[in-house]
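Me: Hey, can you walk me through this protein model? I'm new to this, so plain words please.
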Amino acid sequence: AQIASRRIIEKVYIAPSNGAEVIAKYNDGVAVPVGKVENFLRGDVIPFDEKLSKELSDLKSMRQINNKLYKQNFLLYEERITTIEKIEYNFRRSNEMSNSLNLAGIKNTSYYNEKIFEHLLEAGRTATVEQRMVESVLEGPNGAVKFRTTWIILPDGERYLSTINVIPKFDK
């Protein structure tokens, strides 16, 4: 019997196109940001709470009712609306993906998070310049989830996980 060699996964600091320094798990030219798995997939993002919901509603009402006041600070208000809408979208999406993982039995533990990292690092190896979106399935104790990932291919050929979506696959 042949024993497969275990690839070493290391943590590295990388700077994606937005210039922010990000900690990522890295192996064989593929990088997966740690926050995408340990935070974003697990519902650990800025919450869209009642306070933000009211602020968004107030800003949108002001835009319609008191257009003169709104126009005085148009750029500021539009930027704030965009920010709050992004928080709302990310909050809902993050919680949906967390729920899908939990239903499949892929709990928020270091063991399962490491399984997700290994899975995504392997999936990322198949991304190419021509095919940057990769779909893959991860089995859990209670079912499976499909990962739909998009990768940035850097000029040196290295791959960086850009976006991720978790889709419930099926029950066992």
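Me: Let's begin with rings. Which residues form one aromatic cluster?
Reply: Tyr70, Phe74 and Tyr77 make up one aromatic cluster. Keep in mind that this is a predicted model.

Me: How many aromatic pairs are there?
Reply: The count comes to 3 aromatic pairs. One of them is Tyr111 with Tyr112, an edge-to-face pair with 5.0 Å centre to centre and 75 degrees between the planes.

Me: And which charged end sits over the ring of Phe117?
Reply: That's Lys25, whose charged end is 4.8 Å from the centre of the Phe117 ring.

Me: OK, zoom out. How many helices and strands does the chain have?
Reply: There are 5 helices and 6 strands. Along the sequence the pattern reads β-β-β-α-α-α-α-α-β-β-β. The chain has 172 residues, and 36% of them are buried.

Me: What share of the contacts with a separation of 6 or more comes from residues 24 or more positions apart?
Reply: Those pairs account for 56% of them. For a pair far apart in sequence, take Ala24 and Phe117: they are 93 residues apart along the chain, and their C-alpha atoms are separated by 9.8 Å.

Me: Where is Ala24, and is Ala24 buried or exposed?
Reply: Ala24 is in strand 2. Ala24 counts as buried because its relative accessibility is 0%, and the cut-off for buried is under 20%.

Me: Now helix 5. How many residues does helix 5 have?
Reply: Helix 5 has 15 residues, running from 110 to 124. From first C-alpha to last, helix 5 reaches 21 Å, close to the 21 Å expected.

Me: Which residues of helix 5 are buried?
Reply: Asn113, Ile116, Phe117, His119, Leu120, Leu121, Ala123 and Gly124 are buried. As background, an α-helix has 3.6 residues a turn, so residues three or four places apart point the same way.

Me: Hang on, His119 is in that list. Why does His119 count as buried?
Reply: Because the relative accessible area of His119 is 16%, and buried means under 20%. Beyond its neighbours within four places in sequence, His119 is in contact with Ser136, Val137, Leu138 and Phe147.

Me: What does strand 4 look like, then?
Reply: Strand 4 covers residues 133-140, and its side chains alternate. Val134, Ser136, Leu138 and Gly140 point to one face and are buried, while Met133, Glu135, Val137 and Glu139 point to the other face and are not buried.

Me: How does strand 4 run relative to strand 5, parallel or antiparallel?
Reply: They run antiparallel, joined by 8 bridges. The two strands form a hairpin with 2 residues between them. Ser136 stands opposite Phe147, which belongs to strand 5.

Me: What about the largest nonpolar core, how many residues does it have?
Reply: The largest nonpolar core has 24 residues, and Val32, Leu41, Leu101, Ile116, Leu120, Val145 and Phe147 have the most contacts inside it. Among the elements that give two or more residues to this core are strand 3, helix 1, helix 4 and strand 6. Helix 5 gives the most to this core, with 5 residues. Apart from this core lies another of 10 residues, among them Phe48, Leu52, Met62 and Ile84.

Me: Is there a general idea behind cores like that?
Reply: In soluble globular proteins, nonpolar side chains tend to be buried together.

Me: Which residues is Val145 in contact with?
Reply: Leaving aside its neighbours within four places in sequence, Val145 is in contact with residues including Ser100, Leu101, Ala104, Ile106, Ser136 and Val166.

Me: Let's switch to helix 4. How many residues does helix 4 have?
Reply: Helix 4 has 30 residues and reaches 43 Å end to end between C-alpha atoms, close to the 44 Å expected. Its buried residues include Tyr77, Ile81, Ile84, Met97 and Leu101. Just after helix 4 comes Gly105, with a positive phi of about 85 degrees.

Me: Which residue other than glycine has a positive phi near 50 degrees?
Reply: Asp28 does. Most residues other than glycine have a negative phi. Asp28 is in the loop between strand 2 and strand 3, and counts as partly exposed because its relative accessibility is 43%.

Note on methods:
Residues numbered from 1 in each chain as written. Predicted model: local features only at pLDDT ≥ 70, side-chain atom pairs only at ≥ 80, totals over all residues. Heavy atoms only, no water. Buried < 20%, exposed > 50% of the residue type's maximum accessible area, 1.4 Å probe, protein only. Helix = DSSP H or I, 4+ residues; strand = E, 2+ residues; numbered from the N terminus. Pairing = 2+ DSSP bridges. Phe/Tyr/Trp six-rings, centres within 6.5 Å; stacked < 30°, edge-to-face > 60°. Lys NZ or Arg CZ within 6 Å of the ring centre and 35° of its normal. Expected span 1.5 Å × (residues − 1). Core = buried A, V, L, I, M, F, W, Y, C linked by side-chain atoms within 4.5 Å. Contact = heavy atoms within 4.5 Å.
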